[in-house]
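Reader: Could you take me through one part of this model closely, and then a couple of individual positions elsewhere? I'd like the cut-offs spelled out as you go.

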Amino acid sequence: MHRDFTSYLSHPVFKVIKKYLEDNEGSAFVIGGFVRDLLLEKKSKDIDIVVYGDGLEFAKNVAEILRVKKVSVFKNFGTAHFRYKDVDVEFVTARKESYSKDSRNPKVSPGSLKDDQYRRDFTINALAINLHPSSFGELIDPFNGETDIENGTIRTPLDPSETFSDDPLRMLRAIRFASQLDFKIDISCLKSIRDQSERIKIISRERITDEINKILMSPCPSRGFKLLKSTGLLEYIFPELLELSGIETINGKSHKDNFLHTLQVVDNVSKTSDKLWLRWSALLHDIAKPPTKRFDKKIGWTFHGHEELGSKMVPRIFKYHRLPLDAKMKYVQKLVRLHLRPIALVKGSVTDTAIRRLLNEAGEDVEDLMLLCNADITSKNEFKVKRYQENFKLVSEKLQAVEEKDKIRNFQPPVKGEEIMKSFNLGPCYEVGVIKSKIKEAILEGEIPNSYDDAKALMLTIGREMGLEIKESLN
Ligand code: ATP
Ligand code: MG
């Protein structure tokens, strides 16, 4: 008995394909992620269609009926793509694939739907629904993908060693889906990934990073990263993270496992924010702990300067992973560099000056920094966590109060360089910089309020002390 999915196929693309097949020869099926997401009751952003015959011609005809003007055709891959409203629609001619050992690029020849389903990575991604008017809405599920969705299992249609060897990226995709959907990976798949994890080396960095980002954006990213470690993939795709793993003990003193701690922080921050770059900051916040680790006989383990060194490591890591080397990277660097600052306030006494300095350095990102810092409070001792979090709330409140009073967040000293130069008949020179920074310091230290009049008065006082000539109208 086939189940009927007609009611789910209300999208205009499906209606047009059905109509087209009423008047023309051929067959077409919606396949892959769309069908999986439909069974999971999730919204899908793309529609993949497998076509018998000439998929490219088919795509053009369907696009014409939908009045879509731009169709991109990739002749070499036998695929065509267009965008209809907010949905990406991709057409592919049903095909068979055969792979050679050292490449991801297969030899392709025409095939049946079943052949096409065999070349899919997982049973949950191999489901198809018929779009032909004679069997519209019929689910075609040769590998029991529907049961695997119900049981939450990632399994390959073929022998896993073959599936993963053909395209090692699938090893990462398996882990990414397990993390995104909270599914388990079938034991023989897991074993196979462990056996050939090294083959991930032939995959491009961009594709690997796409999967890392998807793991990071899943509800509980630690699941994906733990699987990356246990399968051996982490060693090849993110060695710095693996370095964080492990506990060392000297004279009965141990430090915590910084890999597990980092993952806990990533999970914590993921509960409060969907920002990818905040999650990256959490992932990298302690990345320099291994190179800064020391043992001191009196105080035990220390990681002095790991926030500074970590921040310096960020550009190299971003470059390696082909991540953007722009403001996003600067944001991650800033959060890594400042991640200890709010907690230092929590542990010590909180002066307005310390708060103003933090606001000045964190600027617009102070809320994100606070989220990261709050997420960083992990301890086996629940009492300790609770006490820190309570103190943390106090610091947050204080931050708000000081910001309201002093407006430091986007702080530009209220007297500009231009005005300093004019006031003392100076060109751009060393003295201007000195006066500017003295005014800024005085505001941050709370010696004068953050206002134009106070800053200008201070400027004149400093100028006098420096023996500068003051413009007549100001005297
Ligand atoms: P998402 O869109 O959330 O990343 P998806 O499963 O839709 O997930 P796509 O990359 O859009 O992933 O691929 C669409 C379909 O193409 C998949 O469902 C799967 O059937 C197939 N597919 C994609 N990548 C591979 C691969 N590396 N090996 C085999 N089949 C693949
Ligand atoms: Mg997709």
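Author: Happy to! Helix α1 (residues 12–23) lies across four strands of the predicted model, namely β1 (28–31), β2 (46–51), β4 (79–84) and β5 (87–93). Its direction makes about 15° with that of β2. Helices (H or I, at least four residues) and strands (E, at least two) are DSSP runs, numbered from the N terminus. Axes are lines fitted to C-alpha atoms, for helices over the stretch in contact, and angles run from 0 to 180 degrees between N-to-C directions. Helix α3 (residues 55–65) also packs on the sheet. The strands that α3 touches (heavy atoms within 4.5 Å) are β1, β2, β3, β4 and β5, and α3 runs at about 15° to β4.

Now to the sheet itself. Seven strands make it up, and it is open, with mixed pairing (at least two DSSP bridges between two strands). Reading across, the order is β3-β4-β5-β2-β1-β8-β9. The edges are held by β3 (72–74) and β9 (139–140). Each of these has a single partner strand, so one side of each has no neighbour in the sheet. At the β9 edge, the partner is β8 (residues 128–130), joined to β9 by two bridges and running antiparallel to it. There, Ala 128 stands opposite Ile 140 in β9.

For the individual positions, start with Val 269, which sits in helix α13. Val 269 has a relative accessible area of 1%, so it counts as buried (under 20%; exposed is over 50%, partly exposed in between, with a 1.4 Å probe and protein chains only). Setting aside residues up to four places away in sequence, Val 269 touches Leu 278, Arg 279 and Ala 282, along with Leu 371, Leu 372 and Ala 375. Cys 220 is 49 residues from Val 269 along the chain, and their C-alpha atoms are separated by 10.0 Å.

The second position is Asp 365, in the loop between α19 (352–362) and α20 (366–375). Asp 365 is also buried, with a relative accessible area of 18%. Beyond its neighbours within four places in sequence, Asp 365 is in contact with Tyr 331, Lys 334 and Leu 335.

On conventions, residues are numbered from 1 along each chain as its sequence is written, while chains are lettered from A and ligands numbered from 1 in the order written. Because the model is predicted, local features need pLDDT of at least 70 and side-chain atom pairs pLDDT 80 or more, whereas totals for chains, interfaces and linings use all residues; side-chain values use heavy atoms, without hydrogens and water.
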